[in-house]
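This report introduces a single protein chain to a reader who has not met it before. Please keep the sequence and the three-dimensional view at hand while reading.

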Amino acid sequence: MTASRARPRAGKPAARRRPAAKRSPAARRRAAARRRTASRARWRTRGRRLLVSAGVVAVVAGLLVLIPLGLARDPAPVCIDRPETFPAAGIQGWRGEQLENAATIIRTASALGFGRDGQILGVMTAMGESSLRAIDYGDWETRGWTNPDGSRTTSIGLFQQQDWWGSVEQRMDPAASATLFYERLGRLPEWQSMPASHAIHRVQINTDREYYAGYQEDATAVVDALSGPCE
């Protein structure tokens, strides 16, 4: 008996893949347009983000610059009666004790009825005579200068006033020596119409009537800075 061969069972035919439907040129164009639109939208979004980031960086950088400047600026006004408000850096190079003496001259002048012009003259004089310091020596000690009669000079104080101006105590006291200066200036006819240095020369009787002119700009800056309203 021969072995019977098993007949192979018929399998299911493999499923055929349907060919992709061909898109029309119009459809392809529409798809390409959509892709371009999406790409542009993405770039616009990125651009807006970059602009926002740049703006934030600029604001932060500005604050980093402005905040230290704001902190460095002295918010307190300069008040002539409060030396602690005077600029630590000085005014035109004049600072500390020098500004305090200038303030005394300005207050004294104001009390005696002298306005801004007279105040500037007083500060100019003390700048030129003593660098705004109440020193207890003068031209004899520093330069060996003598009076016209050959006697040694006795000038001391802010205004380098000699014996005939007043006592040592008066001449060494900033307010008292300023009063002595303004009493003589007030007796000078039409001093307001003279060049500032010439008017001072008539009071101080120095050798060069142009000498004080070099201090006028500094004196003006100091007087104006110290004459603001105290808040």
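Is Arg-171 buried or exposed? In this predicted model, Arg-171 has a relative accessibility of 2% and therefore counts as buried, since the limit for that class is under 20%. The side chain of Arg-171 meets that of Asp-163 in a salt bridge, with 3.0 Å from N to O. Asp-163, by contrast, is partly exposed, its relative accessible area being 46%.

**Salt bridges**

The structure holds six salt bridges. Three of them are listed below.

| Salt bridge | N to O distance |
|---|---|
| Arg-107 and Asp-81 | 3.6 Å |
| Arg-171 and Asp-163 | 3.0 Å |
| Glu-210 and Arg-209 | 4.0 Å |

Arg-107 and Asp-81 form a salt bridge with their closest N and O atoms 3.6 Å apart. This pair links distant parts of the chain: Arg-107 belongs to helix α2 (residues 97–111), while Asp-81 sits in the loop between α1 (25–72) and α2, 26 residues apart. Arg-107 counts as partly exposed because its relative accessibility is 36%. The salt bridge of Glu-210 with Arg-209 joins two residues that are each partly exposed: Glu-210 has a relative accessibility of 43%, and Arg-209 has one of 45%.

**The surroundings of Gln-161**

Gln-161 is placed in the loop between α4 (139–143) and α5 (168–172). Although Gln-161 lies in a loop, its relative accessibility is 0%, so Gln-161 counts as buried. Which residues does Gln-161 touch, not counting residues up to four places away in sequence? They are Thr-154, Ser-155, Ile-156, Arg-171, Ser-177, Leu-180 and Phe-181. Arg-171, one of these contacts, is the buried partner of Asp-163 described above.

**Two buried threonines**

Thr-85 lies in the loop between α1 and α2. With a relative accessibility of 4%, Thr-85 counts as buried. Its side chain reaches the backbone oxygen of Arg-82 at 2.7 Å. Thr-85 and Cys-230 are 145 residues apart in sequence, yet their C-alpha atoms are 9.9 Å apart in space.

Thr-108 is found in helix α2. Its relative accessibility of 11% is under 20%, and Thr-108 therefore counts as buried. A polar atom of the Thr-108 side chain lies 2.7 Å from the backbone oxygen of Thr-104. Leaving aside residues up to four places away in sequence, Thr-108 touches Ala-175, Ala-178 and Thr-179.

**The packing of α2 with α8**

At what angle do α2 and helix α8 (residues 216–226) pack? The angle is about 75°, and the axes of the two helices are 10 Å apart. Because an angle from 65 to 115 degrees falls in that class, α2 is roughly perpendicular to α8. On the side of α2, the contact is made by Leu-99, Ala-102, Ala-103 and Ile-106; on the side of α8, it is made by Val-222, Val-223 and Leu-226. By class, the contact of α2 with α8 has seven nonpolar residues, with no polar and no charged residues.

**Helix α7 and its coverage**

Helix α7 (residues 196–204) is mostly covered, as seven of its nine residues are buried. The buried residues are Ala-196, Ser-197, His-198, Ala-199, Ile-200, Val-203 and Gln-204. Which helices are included in what covers the buried residues of α7? Among them are α3 (116–130), α6 (174–186) and α8. Helix α8 thus appears both in this cover and in the packing with α2.

**Positive phi values**

Which phi does Ile-205 take just after α7? Ile-205 has a positive phi of about 55°, in a residue other than glycine. Ile-205 is placed in the loop between α7 and α8. With a relative accessible area of 64%, Ile-205 is over 50% and is therefore exposed.

Glu-190 likewise has a positive phi of about 55°, although Glu-190 is not a glycine. This residue lies in the loop between α6 and α7. Glu-190 is exposed because its relative accessible area is 60%.

Technical notes. Residues numbered from 1 in each chain as written. Predicted model: local features only at pLDDT ≥ 70, side-chain atom pairs only at ≥ 80, totals over all residues. Heavy atoms only, no water. Helix = DSSP H or I, 4+ residues; strand = E, 2+ residues; numbered from the N terminus. Buried < 20%, exposed > 50% of the residue type's maximum accessible area, 1.4 Å probe, protein only. Polar contact = N/O pair within 3.5 Å; in protein donor to acceptor, adjacent residues only side chain to side chain. Contact = heavy atoms within 4.5 Å. Axes fitted to C-alpha atoms, helices over the stretch in contact; angles between N-to-C directions. Parallel < 35°, antiparallel > 145°, perpendicular 65-115°, else oblique. Nonpolar A, V, L, I, M, F, W, Y, C, P; charged D, E, K, R; others polar.
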